[in-house]
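Me: I'm new to this one. Can you walk me through it?
Reply: Sure. Ask away once it is on the screen.

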Amino acid sequence: MYRITQQIDFCYGHRLLNYAGKCRNLHGHNGRVQISLEAAELDNRGMLIDFTDIKKSIATWIDSELDHRMILHEDDPALSMLLELNEPVYVISYNPTAENIARLIYEFANSEKLPVREVTLWETPKSSATYGEWSSPSH
Ligand SMILES: Nc1nc2c(c(=O)[nH]1)N=C([C@H](O)[C@H](O)COP(=O)(O)OP(=O)(O)OP(=O)(O)O)CN2
């Protein structure tokens, strides 16, 4: 099997609902995403997927949909005010944790028919969450 990984940096704001710590307050992160793709075969150029094509697809989507936006739960009471002020938001139906944002990006990559294996979101330099659909329980 071959595996390639691409890193994409973006900034986002969020806050966690039903959470007692400081992350219940609106705050921002310099997030780092690592997207890993896997395949058994290479194309006639010796590539799994051209890194440029990953950038064109996933980095473009992250840039337009998530970068410099507040990623908020649809039930977040701050949402209506931010929308009224025309602030950029990305609304989801679940808590915007690192785990869920990793899954969101994984699902986008999957919808683009990329052979994505896992997505890791580094929310801070020390904390990351990974989402993948591993077939083997030993992963
Ligand atoms: N499993 C998860 N735990 C936490 C998440 C998460 O998404 N998944 N998110 C948060 C906060 O949103 C945020 O990431 C702050 O976390 P923290 O580690 O406290 O970050 P700091 O950089 O502020 O850490 P310091 O060591 O206090 O500087 C919390 N948990």
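Me: Let's start with helix α3, residues 98-111. What span should its 14 residues have at 1.5 Å a residue?
Reply: They should span 20 Å. The end C-alpha atoms of α3 are 20 Å apart, which agrees with that. Keep in mind that this is a predicted model.

Me: Which residues of α3 are buried?
Reply: They are A98, N100, I101, A102, R103, L104, I105, Y106 and A109.

Me: And what do those buried residues pack against?
Reply: Two other kinds of element. The strands are β2 (27-39), β3 (69-73), β4 (89-92), β5 and β6. The helix is α1 (51-65).

Me: What comes just after α3?
Reply: K113 is found just after α3, and K113 takes a positive phi of about 65 degrees.

Me: Which other residues have a positive phi, though not glycine?
Reply: H68 is one, with a phi of about 55 degrees. N86 is another, at about 65 degrees.

Me: Where do they sit?
Reply: Both are in loops. H68 is in the loop between α1 and β3. N86 is in the loop between α2 (79-84) and β4.

Me: Is H68 buried or exposed?
Reply: H68 counts as exposed, because it has 11 C-beta neighbours inside 10 Å. The cut-off for exposed is 12 or fewer.

Me: And N86, buried or exposed?
Reply: N86 counts as exposed too, with 7 C-beta neighbours inside 10 Å.

Me: Back up a bit. How many helices and strands does the protein chain have?
Reply: Three helices and six strands. From the N terminus on, the order is β-β-α-β-α-β-α-β-β.

Me: What does the C-alpha trace span along its principal axes?
Reply: About 50 × 35 × 25 Å. The protein chain has 139 residues, and 25% of them count as buried.

Me: What about contacts along the chain?
Reply: Take the contacts between residues at least 6 apart in sequence. Of these, 56% join residues at least 24 apart.

Me: Now β3. Why is it called largely enclosed?
Reply: Four of the five residues of β3 are buried, so the rest of the structure largely encloses it.

Me: Which strands pair with β3?
Reply: Strand β1 (residues 2-14) pairs with β3 in the parallel sense, over three bridges. β4 also pairs with β3 in the parallel sense, over four bridges.

Me: Which residues can I look for there?
Reply: On the β1 side, G13 stands opposite M70 in β3. On the β4 side, H73 has I92 as its bridge partner.

Me: How do β5 and β6 run?
Reply: Antiparallel, with five bridges between them. β5 covers residues 116-122 and β6 covers residues 128-132. A hairpin through five residues joins β5 to β6.

Me: Which residue in β6 stands opposite E118?
Reply: G132 does.

Me: Switching topic. Which residues are around the ligand?
Reply: L16, C23, T97, A98, E99, E123, T124, S127 and A129. A98 also appears among the buried residues of α3.

Me: What's the mix by class?
Reply: The shell has four nonpolar, three polar and two charged residues.

Me: Tell me about I49. Where is it?
Reply: I49 is in the loop between β2 and α1. I49 counts as partly exposed, because 18 other C-beta atoms lie within 10 Å.

Me: What does I49 touch?
Reply: I4, L37, I54 and L114, leaving out residues up to four places away in sequence.

Me: How far is I49 from H14?
Reply: Their C-alpha atoms are separated by 32 Å. Along the chain, I49 and H14 are 35 residues apart.

Me: And A59?
Reply: A59 is in helix α1. A59 counts as partly exposed, with 19 C-beta neighbours inside 10 Å. Buried would need 20 or more. The C-alpha atoms of A59 and S135 are separated by 26 Å.

Me: Last thing. What are the confidence scores?
Reply: The mean pLDDT of the protein chain is 96, and 97% of its residues reach 70 or more. The model scores ipTM 0.90 and pTM 0.93.

Technical notes: Residues are numbered from 1 along each chain as its sequence is written. This is a predicted model: local features need pLDDT of at least 70, side-chain atom pairs count only at pLDDT 80 or more; totals for chains, interfaces and linings use all residues. A residue is near a molecule or strand if its C-beta atom, placed from the backbone, lies within 6 Å of it. Ala, Val, Leu, Ile, Met, Phe, Trp, Tyr, Cys and Pro count as nonpolar, Asp, Glu, Lys and Arg as charged, and the others, Gly among them, as polar. pLDDT is the predictor's confidence in each residue, from 0 to 100. Two strands pair if DSSP finds at least two bridges between them. Helices (H or I, at least four residues) and strands (E, at least two) are DSSP runs, numbered from the N terminus. The expected span of a helix is 1.5 Å times one less than its number of residues. Two residues are in contact if their C-beta atoms, placed from the backbone, lie within 7 Å.
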